[in-house]
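Subject: Structure handover

Hi,

Here is the structure I promised to pass on to you. Please have a look at it first, and then read on for what turned up.

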Amino acid sequence: MYFIIGVGILLVVLLLLAVPFKIMIKLLINALAGAIVILMVNLVLSNFEIIIPLTKFNSILVGIFGVPAAILMGIYYALQ
């Protein structure tokens, strides 16, 4: 009897954690993609002595918003 209750509780917990886990994995993949985009933009902008620092915040920002965020960060750091 206790085994069935334990399995039921385990299933409920796993169902509650499944959605946030998928979101965390997607955010991690996007952050890694953002870091790669920032590195590629840095390769191009290094000719003009403009460097975008590779931080967690910048990579997550580019991972969420994509290439437009990398372009806006390049403009921001160019004007500093």
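Let me start with Ser 59, which is buried, with a relative accessible area of 8%. This serine sits in helix 2. Leaving aside residues up to four places away in sequence, Ser 59 touches Asn 30, Ala 31, Gly 34, Ala 35 and Ile 38. Leu 32 is also worth a look here: its C-alpha atom is 6.9 Å from that of Ser 59, though 27 residues separate the two along the chain. Leu 32 belongs to helix 1. Unlike the 8% of Ser 59, the relative accessible area of Leu 32 is 53%, so Leu 32 counts as exposed.

Before going further, a word on confidence. Please keep in mind that this is a predicted model. The mean pLDDT over the protein is 81, and 100% of the residues score at least 70. Among the elements, helix 3 (residues 67-79) has the highest mean, 85, and helix 1 (residues 2-45) the lowest, 79. As a general reminder, predicted coordinates should not be read in detail where pLDDT is low.

Back to helix 2, which spans residues 56-65. Which of its residues are buried? They are Asn 58, Ser 59, Val 62 and Gly 63. Viewed down the axis of helix 2, these buried residues fall within an arc of 130°, so they line one face of the helix. The general rule behind such patterns is that an α-helix has 3.6 residues a turn, so residues three or four places apart point the same way. What do the buried residues of helix 2 pack against? Their partners are helix 1 and helix 3. On the face turned away from the buried side, helix 2 carries the exposed residues Lys 56, Phe 57 and Phe 65.

Helix 2 is followed by Gly 66, which has a positive phi, near 80°. Gly 66 lies in the loop between helix 2 and helix 3. Its relative accessibility is 24%, so Gly 66 counts as partly exposed. The C-alpha atoms of Gly 66 and Val 37 are separated by 8.4 Å, with the two residues 29 places apart along the chain.

The loop between helix 1 and helix 2 has a backbone detail you may like to check: it contains Glu 49. Glu 49 has a positive phi of about 60° although it is not a glycine. With a relative accessible area of 76%, Glu 49 is exposed.

Two further places in helix 1 deserve a visit. One is Asn 42, a residue of helix 1. Is Asn 42 buried or exposed? Its relative accessible area is 11%, which is under the 20% cut-off, so Asn 42 is buried. Not counting residues up to four places away in sequence, Asn 42 touches Ile 50, Ile 51 and Ile 52.

The other is Ile 9, also found in helix 1. Ile 9 is exposed, at a relative accessible area of 51%. Together with Met 1, Tyr 2, Ile 5, Val 13 and Leu 17, Ile 9 makes a nonpolar surface patch of about 720 Å².

That is what I have for now. Happy to talk any of it through whenever suits you.

Best wishes

Definitions and conventions
Residues numbered from 1 in each chain as written. Predicted model: local features only at pLDDT ≥ 70, side-chain atom pairs only at ≥ 80, totals over all residues. Heavy atoms only, no water. pLDDT = per-residue confidence, 0-100. Helix = DSSP H or I, 4+ residues; strand = E, 2+ residues; numbered from the N terminus. Buried < 20%, exposed > 50% of the residue type's maximum accessible area, 1.4 Å probe, protein only. Arc of directions from axis to C-beta. Contact = heavy atoms within 4.5 Å. Patch = residues over 30% accessible without salt bridge, like charges linked within 9 Å, V, L, I, M, F, W, Y side chains within 5 Å. Areas by Shrake-Rupley, 256 points an atom, 1.4 Å probe, with all protein chains shown as cover. Salt bridge = Lys/Arg side-chain N within 4 Å of Asp/Glu carboxyl O.
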